[in-house]
Amino acid sequence: CLTKIIIITPYDDVFSDDEEEEEGEAYSWDHDSTAAAASPPFAYTEQQSTPKQPDDDEAFNCDANTNSNSWTPTNKRKRKRTSCGQTRNSVISQSQRVRREDTKLDRRRPTENYLCWAAPGNEYDRAKQKINELYVMSMQFGVVEKFYEKKIHLQRGKRQFMKQEKEFRRFLVNREKSGAICLDVTESDDIQFMDNPNHGVVGRYRETYRSRRTKEEIIKFEYKMRTLQVSTCCVCRENKLIFPKGVAKDLPKGLTVGDDVCSLCKKNKCQENNKYLTENLQPIWYERDDDGNFKYDDDGEKLIRYDIPE
C-alpha cells in the first residue's frame with residue numbers, strides 16, 4: 001500500500017536566487033533536525049517516492065481488452081451480418097452443406113447393399129421384382145417420394161419387408177381404384193430401381209444419384225403437366241386452372257367448356273345479376289321506338305341489346 005505519492009510537474013518553475021537560498025537554508029535546517037532519527041531503508045524510500053508501474057503482461061492484457069470493446073473494421077471476431085440477415089458463419093455452413101450434397105449426387109447408387117436379408121437365388125429375385133414393380137407404380141401415380149419414405153428396400157428383415165410392401169401396395173391400389181391419373185411408364189432397364197443379381201454384387205447399370213434424380217424429376221414434371229386441368233367459367237368466360245388438392249383425377253367427359261361456374265363468380269353471385277353482360281360485353285345496338293328515339297328502362301338507362309337483329 002502506497003502512503004505517499006509525489007507528483008512531478010511537466011515543466012519546472014523559474015525561481016530567483018533569493019528563493020533558492022531560502023529553500024537551501026530550510027532544507028539544511030530540516031536535514032540537521034532529522035539527522036538523529038533512523039533513516040528508512042533504501043527500498044522502502046524508493047517505494048514511497050515512486051508509484052508502482054504495471055507489468056508488461058498486464059499492460060498488454062489491458063490494451064487487448066480495450067481493443068476488443070471498441071469496434072474496428074479489421075476485427076474479424078465481430079459477428080457481421082449481410083443484407084439478408086445471415087452471418088458469416090451461417091453463409092459458410094450453408095455453402096459447405098451445398099458442396100456436400102453436390103458431392104453425394106455424383107456418387108454411385110449402392111444398390112448392391114439393398115435387400116441384405118434375402119438369400120441368393122429365388123428369394124432375392126422375388127424381392128427385387130417386388131421393389132421394381134412398386135417403384136414403377138409410384139412413378140406412374142406421381143408418388144415417388146412416398147416410395148422413399150417407406151424405405152422398403154432398406155429393411156433389415158423379411159418380416160419388416162413384407163409388412164411395408166403390403167402397406168405400400170395397398171396404398172397404390174386404392175389410388176388406382178379412386179380414378180387417379182396414371183402415366184404410361186413401363187418397367188425398362190433405365191427405369192427399374194435395381195438390377196443386381198445378388199446381394200453384394202454390383203449390377204450392370206452403375207448410375208449415380210444425380211442421373212436417377214434427373215429421371216424422377218422429369219417424370220414428376222410430366223405428371224404435373226398431365227394433371228393440369230383448365231376450366232372455362234360460363235359467367236365471366238375466363239379460363240381457370242384447377243389444382244387438385246387430393247388425388248388428381250380427369251374431368252368428366254360430358255363436361256364441355258362453359259358448363260362450370262368459378263368460385264369467384266359464385267362468391268360474388270355474378271350469375272344472378274348478369275354482371276358479365278353489364279361490365280364485359282359491348283352493346284351491339286339500342287332499342288328505339290317507332291319514331292326513332294331511344295327507349296329507356298325504369299332506371300333511365302338505354303335498353304341495350306346484345307343480340308344481332310334479325
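**Helices, cores and cysteines**

Reader: How far does α7 reach from its first C-alpha to its last?
Author: Helix α7 has 20 residues; helices (H or I, at least four residues) and strands (E, at least two) are DSSP runs, numbered from the N terminus. The expected span is 1.5 Å times one less than the number of residues. For α7 that gives 28 Å, and its reach is close to this, at 28 Å.

Reader: What kind of model is this?
Author: Local features need pLDDT of at least 70 and side-chain atom pairs pLDDT 80 or more, while totals for chains, interfaces and linings use all residues. Residues are numbered from 1 along each chain as its sequence is written, side-chain values use heavy atoms, with hydrogens and water left out, and the model is predicted.

Reader: Where around α7 do its buried residues lie?
Author: Buried means under 20% relative accessible area, exposed over 50%, partly exposed in between (1.4 Å probe, protein chains only). Phe161, Gln164, Glu165, Phe168, Leu172 and Arg175 are the buried residues of α7. Their arc, taken from the directions from the helix axis to the C-beta atoms, is only 105°, so they sit on the same side of α7.

Reader: Which residues are exposed on the other side of α7?
Author: The buried residues of α7 have cover that includes α5 and α6. On the other side, the exposed residues are Arg159, Lys163 and Lys177.

Reader: Which residue just after α7 takes a positive phi?
Author: The residue sits in the loop between α7 and α8. Its relative accessibility is 38%, so it counts as partly exposed. It lies 6.0 Å from Lys249, C-alpha to C-alpha, though 70 residues apart in sequence. With a phi of about 90°, it is Gly179.

Reader: Which element gives the largest share of the largest nonpolar core?
Author: A nonpolar core is a set of buried Ala, Val, Leu, Ile, Met, Phe, Trp, Tyr and Cys residues joined through side-chain atoms within 4.5 Å. The largest one has 29 residues, and Leu115 and Phe161 are among those with the most contacts inside it. Two or more residues come from each of α5, α6, α7 and α8. The largest share, eight residues, comes from α5.

Reader: What covers the buried residues of α5?
Author: The buried residues of α5 include Tyr124, Ile131 and Met139. Contact means heavy atoms within 4.5 Å. The cover includes α6, α7 and α8.

Reader: Is Gln155 buried or exposed?
Author: Gln155 is in the loop between α6 and α7. It touches Trp117, Phe161 and Gln164, among others, not counting residues up to four places away in sequence. A polar atom of its side chain lies 2.8 Å from the backbone oxygen of Lys151. Its relative accessible area is 16%, so Gln155 is buried.

Reader: Why does Cys233 form no bond with the closest cysteine sulfur?
Author: A disulfide is a pair of cysteine sulfur atoms within 2.5 Å. Cys233 is buried, at 2% relative accessibility. Its sulfur is too far for a bond, because the closest cysteine sulfur, in Cys262, is at 3.6 Å.

Reader: How many disulfides does the rule give?
Author: Cys265 is buried too, with a relative accessible area of 4%. Its closest cysteine sulfur, in Cys262, is 3.3 Å away, too far for a bond. The count of disulfides comes to zero.

Technical notes
A polar contact is a pair of N or O atoms within 3.5 Å; within protein, one must be able to donate a hydrogen and the other to accept it, and residues adjacent in sequence count only if both atoms are side-chain atoms.
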